[in-house]
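Q: I would like a close look at the surroundings of the bound ligands in this model, and then at the parts of the fold that connect with them. Please keep to what can be computed from the atoms.

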Amino acid sequence: MVDKKHSEEAAASLSRRNFLKMGGIAAATATVGAAAGAGFVAGRDPDANVGWGRTEAGKDMYFNREPFRVDKAPCLNIAGPIERPEWGDFLFNRVMSMGGSMHKDGWKPNKDWQQIPDPRVREYYSRYPERWPEMLLSFREKVKHDANLEKHRDRFALAWAYSGAFGTGLHSNFPPVPTAHPDEDDFKWVKREPMEFQSPAHASKLVKQMANKFGMSLVGVTKLDPSFVFKNMMRGMPDWGEEIPKHWKNVIIFGVPMNWDPMYAAIGYSTSFDAYYRVKQASGLMAAWLGELGYAARPQFPGADYEAMMVPLAIQAGLGEATRNGILMTPEVGPNIRLAAVFTNLDLEADKPVDLHMGHFCESCKICADSCPSGSISKADKPDTVVRGYKKYGFNQDSCWRFWQQGPSETGLGCRVCIAVCPYTRKNNWIHALVKESDPRDPTGLTRNALLAMQHNFFYYPDAENYHAEWSGGNFASYHQPPEWLRSENYLKVEKTWEYDGNWEGI
Ligand code: SF4
Ligand code: SF4
């Protein structure tokens, strides 16, 4: 039996221990809280936005990939015979071709995909006839979009102008679109006999630095894998077959994020044109630089000017991995990245791909699929389809494009919700850097489960249908509210008749 004195002493000792323990927890909490506060403040600083302001020194590519290099990218999971992509597999090739047929030739889209004028577009819908109704609906969505533009102009005027400014820059002819045979066109940059590099490693090191100097955040090098080069496509050559020019030896591939705050305010305030403009310019600068040193160059840039698929090439160059939403996932900026590349005959040392277990994260996450307003992203537990021999998550380009028509300004078509909501799409503050470093090293999966629990419980996600335009039953919701510099009521003489739905812009 425990006497009263002992039990009092024990109680006192216990409460002392508890007090000390509580004090320790409180102190630790205060420390972590203070650090979190500092991290939060640092994360709010525009300098924390990877890709903005620090690119010239290359410090945006801060994640050390070396411990994770592998010979073959696990996310390029082969499950059947490998086939090269067709020209029509690229959505923008199809929509630009059909737009041209409508405007130049007076073609009107109708239920019969076999009447599409461009045989390369028909070829695509002969393989995916079930997607034609979605594409057909996109033309109807565009009519509704156009009819509602003026009604919402006050609200989206600044976003419209911001996107339009970059769009105007994007549509300039630099770098010029090829107009002749690649054996001629790619050598137009060449100013002299090739200056010999000390080694391919020296050449790779320097081209990466130059990509940073030209404003790029992330850069890698890979050999050109023919399996990702489009068939039946060569800019400047209308009747090209399957040949790949011999001087297309190596690929310098690079990218920048879209400006973070508008991107988080997807769909209405976001634009891809800012990053598209920057990567396009950089591809031209890189080509001109190579030409000055005597090497051929073939810039690949956004719009319909890619002759190969950028995402798998970026994966092979170790920039990141494949994701559920079909976009490249990088450790620094997640899927918030736009890509361009230059093919060259310069001998370069290739980077190896990486294995960062991002695919495991996608298996448990599904946030993008749940948020997607058009239901275009597979919600399966594992990659559930085979595309050209590679196992992937199913993705419907055509229904995604249909939803793009609900962008509420003329220049800001597009959606990007799947990028905005992805837990990897986070600015470079200490807490996110910590998670990005620890998750690939954690075989238990505890880190990603904890992160996902936080994402699901502490953050507000609008319902998928709320992202829809007002004319389509939604309320123009966005993951974040727009930054102050895109709110028309802060700068223009407009009457504010709307409410914002989404997390406050700072969260
Ligand atoms: S939101 Fe989740 S499932 Fe989608 S790409 Fe990002 S990590 Fe993967
Ligand atoms: S861009 Fe929008 S519609 Fe397309 S897949 Fe992403 S969330 Fe869905």
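A: What follows takes the two ligand shells in turn, then the helices and the core.

The model is predicted, and the values below are computed from it.

Ligand 1 is surrounded by T323, R324, N325, M329, F361, C362, C365, K366, C368, C422 and P423. By class, this shell divides into seven nonpolar, two polar and two charged residues. Helix 11, residues 358-365, contributes the largest share of the shell around ligand 1, namely three residues. Among the cysteines that surround ligand 1 is C368. The relative accessibility of C368 is 9%, under the 20% limit, so C368 counts as buried.

Two other members of this shell, F361 and P423, lead to a neighbouring helix. Leaving aside neighbours within four places in sequence, L451 is in contact with F361, P423 and V435. L451 is located in helix 16, which covers residues 446-458. With a relative accessible area of 12%, L451 is buried. The C-alpha atoms of L451 and H432 are 9.7 Å apart in space, with the two positions 19 residues apart in sequence numbering.

Ligand 2 has a shell made up of C372, P373, S374, I377, F395, C400, F403, W404, C415, R416, V417 and C418. Its classes are ten nonpolar, one polar and one charged. Helix 13 (397-404) and helix 14 (417-420) each supply at least two residues of this shell. The largest share of the shell around ligand 2 comes from helix 13, with three residues. One of the cysteines around ligand 2 is C415. C415 has a relative accessible area of 8% and is therefore buried.

Cysteines appear in the shell of ligand 1 and in that of ligand 2. How many disulfides are counted? The count is zero disulfides, where a pair of cysteine sulfur atoms would have to lie within 2.5 Å to be included.

Helix 13 also links the shell of ligand 2 to another part of the fold. The buried residues of helix 4 pack against helix 2 (91-105), helix 3 (119-127) and helix 13. Those buried residues are W132, M135, L136, S138, E141, H145 and N148. Helix 4 runs over residues 132-148, a length of 17 residues. Its first and last C-alpha atoms are 25 Å apart, close to the 24 Å expected at 1.5 Å a residue.

Helix 2, one of the partners of helix 4, contains N93. N93 is at 2% relative accessibility and so counts as buried. Residues up to four places away in sequence not counted, N93 touches W87, M233 and A304.

W132 of helix 4 also belongs to the largest nonpolar core, which has 112 residues. The residues with the most contacts inside that core are Y125, W132, I253, F254, M286, L290 and L313. Helix 9 gives the most to this core, with eight residues. Apart from this core lies another, of 13 residues, with L158, A159, Y162 and Y500 among them. In soluble globular proteins, nonpolar side chains tend to be buried together.

Y125 can be followed through its contacts. Without its neighbours within four places in sequence, Y125 is in contact with R94, M98, W113, I116, R131, W132, M135 and D398. Of these, W132 and M135 are among the buried residues of helix 4.

Helix 9 (273-292) also appears in the surroundings of helix 7. What covers the buried residues of helix 7 includes strand 1 (218-223), strand 2 (250-256) and helix 9. In helix 7 the buried residues are A203, S204, V207, M210, A211 and N212. Why does the span of helix 7 agree with what is expected? Helix 7 has 14 residues, 200-213, which should span 20 Å at 1.5 Å a residue, and its end C-alpha atoms are 20 Å apart, so the two agree. Just after helix 7, G215 takes a positive phi of about 100 degrees.

The last position is V386, found in strand 5, residues 385-387. Its relative accessible area is 44%, so V386 is partly exposed. V386 touches A79 and K391, residues up to four places away in sequence not being counted. V386 and P81 are 305 residues apart in sequence, while their C-alpha atoms are 9.9 Å apart in space.

Note on methods. Residues numbered from 1 in each chain as written. Chains lettered and ligands numbered in written order. Predicted model: local features only at pLDDT ≥ 70, side-chain atom pairs only at ≥ 80, totals over all residues. Heavy atoms only, no water. Near = heavy atom within 4 Å. Helix = DSSP H or I, 4+ residues; strand = E, 2+ residues; numbered from the N terminus. Nonpolar A, V, L, I, M, F, W, Y, C, P; charged D, E, K, R; others polar. Expected span 1.5 Å × (residues − 1). Buried < 20%, exposed > 50% of the residue type's maximum accessible area, 1.4 Å probe, protein only. Contact = heavy atoms within 4.5 Å. Core = buried A, V, L, I, M, F, W, Y, C linked by side-chain atoms within 4.5 Å.
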